[in-house]
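Me: Please take a close look at one part of this model, the sheet and what packs on it. Then place that part in its wider setting.

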Amino acid sequence: MNAVLSIARTTLGEAIRRRVLLVILLIALLLLVIAPGMNGLTARQSQTVLLSLILGVLQLSSAVIAIVLTVYMIPNEVERRTIYTILSKPVLRWQFLLGKYLGAVSALGLMIMLMTGTMIAVFAAFQGPNVETLASLARVAMMYFVQMCLLAAVAIFFSTFVQPVVNFFLSGGVYLVGTVFGSLFATIAESQQLPQLVRLAAQLVMLIVPNFGQYNVQNSVINSGAQIVGEGIYYTNLAVYGIVYISILLLGAMLIFDRREV
Amino acid sequence: MSLAIETIDLVKTYKHRGGASNTVVDNLNLQVESGEIFGFLGPNGAGKTTTIKMLLGIIGQTSGVANVLGREAGDIEIHKRISYLPEKPYYYEYMSGLELVIFYASLFGIRDNDRCKELLRRVNLANDMNRPLSTYSKGMQQRVGLAQSLINNPELLFLDEPTGGLDPIAHIEIRDLILQFREEGKTVFISSHELSDVERICDRVAIINKGQLVAQGRLTDLLAGGRVEVTAEGVSDAVSDSLRHENRIVSFKDGRLILDAPDSDDLNGMIDALRNGGAQVVSVIPRRKRLEDLFIEAVAEDDTAKGRQRGRMTDGNSDGTKSAEVEEVKTGEGDPS
């Protein structure tokens with residue numbers, strides 16, 4: 001476990017110094033800060049728009065950071081030959097991969113925490129310190145974090161056998177399908193008017209692609225009337241789903257990476 | 001003397017898309033004895049780094065045997081007793097030299113910062129160990145690489161081009177450090193293009209070309225048979241004719257003769273012949289064979305032999321005979337390095 005933690009610490013140290021990530025983070029923070037000045041609506045509408053805007057910024061920038069952070073992680077280690085000095089030590093390949101993943105997730109956590117802190121501060125400054133809303137915002141951010149951990153696992157899985165650029169689009173595509181188009185595939189899968197083959201294909205996509213959309217719990221904050229029934233159980237289920245999916249993806253990545261010639 | 005490294009008929013073949021294959025290491029048989037500095041030489045693309053990667057267990061062999069310190073290459077227990085310094089290594093630049101060595105120490109479960117500092121002092125980085133690696137020169141990066149490779153007090157070190165691209169002072173420093181490793185009883189396996197360095201520090205060498213071993217042995221044996229140049233004056237035509245008959249003459253002008261003697265028996269015989277013929281021996285200069293000569297000879301001979309073989313195979317094909325079969329591919333995919 002020593003080796004895993006050491007590799008994770010080093011990965012975190014490197015990730016938080018990567019310029020491209022810092023630029024994305026800076027843009028996100030800037031958007032969060034200027035968001036309140038971007039609408040001229042009534043007080044009620046203003047809160048809804050502001051919440052949608054800042055949560056949108058948080059989700060989108062977290063997703064971009066998660067993908068950019070992870071797609072280059074393994075290929076860079078091979079290209080720079082650092083992997084050889086590490087694997088020539090008593091370090092197994094699964095330890096290396098797990099360490100890289102944990103480091104990436106730690107860096108993601110730090111960046112999401114920073115953005116969430118900024119978002120809460122901005123919201124409190126412009127809409128007043130409503131403890132309940134602020135706690136809900138933190139909860140939404142927490143779900144985004146679990147979502148991004150899942151996305152990072154998808155990108156790490158692909159990075160064991162595809163090139164970074166392909167991985168960027170592949171992981172981004174999986175995220176889009178699992179988030180935006182999830183409901184579309186669900187509709188296709190259940191539609192009786194469509195041919196059986198098309199429905200089966202949609203069901204297969206839904207089975208393979210992680211359901212990122214279920215982590216988008218922002219509606220409960222944006223729409224004051226909306227509520228999640230059995231909130232505690234719902235969040236626990238989401239966390240368990242995420243952990244199981246991440247474990248499967250990492251296991252698959254380890255099996256592929258173990259056989260790969262670097 | 002026990003063997004630190006032994007390979008038997010080691011083969012690495014890469015299979016490419018479209019069915020083509022490329023044998024990068026071809027039936028390689030190496031023996032590296034414990035406690036020696038072993039030079040592993042070859043032109044670019046000869047298969048040196050691929051061989052090292054197989055010995056480290058980073059890539060698998062297609063066939064054959066690779067044993068390191070008496071166990072199969074890749075055995076994780078062996079990794080506790082060996083170390084590796086890659087060619088042109090990159091280290092996490094945000095770290096200081098000390099942080100880097102501490103990081104590599106942690107991979108062994110070693111938590112001894114004093115030992116890390118001691119190693120950095122040993123490679124002359126005492127005053128720079130807290131500076132970020134991004135500010136290190138090439139020589140300093142190589143020295144910090146050596147420090148990290150010593151953290152587990154290895155019995156066997158693999159050094160890939162340890163002096164490549166370094167200035168003369170850094171060269172000497174690294175060379176001296178490698179010599180110290182031998183004094184400590186460590187086995188050092190060096191892959192290098194710096195033939196003068198190899199000649200100075202290695203006990204034995206192996207030369208590979210296009211994946212095949214073309215020479216292996218003690219440097220003293222491989223470089224034996226150097227020539228001796230004899231210069232004499234007042235040489236009669238009769239004497240010069242007899243030497244010319246033996247193909248010994250390098251030049252003969254105005255009674256001044258320069259001769260080449262491959263070994264001491266020839267030398268004594270020639271000097272006797274010259275003096276008995278009334279000539280005066282002016283100088284006897286030993287011209288030692290250099291590793292560079294051996295390297296070029298071995299590689300050139302191998303290339304010529306392979307060229308002839310290819311020629312024969314082409315002729316055979318034109319006659320409708322069977323072409324050379326591509327070695328069976330058992331594992332492996334990717335590019336050689």
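Reply:

**The chain B sheet and its surroundings**

Helix H1 (residues 48-56) of chain B lies across three strands: E1, E2 and E4 (63-68) of chain B. H1(B) runs at about 115 degrees to E1(B). Keep in mind that this is a predicted model.

Now the sheet itself. It is open and has 4 strands, in the order E2-E1-E4-E5 (chain B). The pairing is antiparallel. Which strands stand at the edges? They are E2 (21-33) and E5 (71-72) of chain B. Each has a single partner strand, so one side of each is left without a neighbour in the sheet.

Start with the pairing of E1 and E2. Strand E1 (residues 3-15) of chain B is joined to E2(B) by 9 bridges, and the two run antiparallel. Two positions show the register. B:Thr13 has B:Thr23 of E2(B) as its bridge partner. B:Tyr14 stands opposite B:Asn22, also in E2(B). The hairpin of E1(B) and E2(B) has 5 residues between the strands. In that hairpin, B:Gly18 takes a positive phi near 95 degrees.

E1(B) also pairs with E4(B). Here 5 bridges join the two strands, again antiparallel. On this side, B:Ile8 of chain B stands opposite B:Val65 in E4(B).

Next, the partner chain. How many residues of chain A are in contact with chain B? The count is 26 residues of chain A, against 31 residues of chain B. Between them the chains bury about 2600 Å². Of that area, 62% is on carbon and sulfur atoms. Three residues of chain A stand out: A:Lys89, A:Pro90 and A:Glu261. They supply 26% of the area that chain A buries against chain B, more than any other three residues.

Finally, a helix pair within chain A. The axes of H1 (residues 2-15) and H6 (residues 93-127) of chain A come within 7 Å. They cross at roughly 45 degrees. That makes H1(A) oblique to H6(A). The crossing of H1(A) and H6(A) is right-handed. From H1(A), the contact is made by A:Val4, A:Ile7, A:Ala8, A:Thr11, A:Leu12 and A:Ala15. From H6(A), the contact residues include A:Phe96, A:Leu98, A:Leu102, A:Leu110 and A:Met111. Glycines take part too, among them A:Gly99 and A:Gly103 of H6(A). By class, the contact of H1(A) with H6(A) has 12 nonpolar, 5 polar and 1 charged residues.

How values were computed. Residues numbered from 1 in each chain as written. Chains lettered and ligands numbered in written order. Predicted model: local features only at pLDDT ≥ 70, side-chain atom pairs only at ≥ 80, totals over all residues. Heavy atoms only, no water. Axes fitted to C-alpha atoms, helices over the stretch in contact; angles between N-to-C directions. Parallel < 35°, antiparallel > 145°, perpendicular 65-115°, else oblique. Left-handed = near helix turned anticlockwise from the far one by under 90°. Contact = heavy atoms within 4.5 Å. Nonpolar A, V, L, I, M, F, W, Y, C, P; charged D, E, K, R; others polar. Pairing = 2+ DSSP bridges. Buried area = accessible area lost by both parts, 1.4 Å probe.
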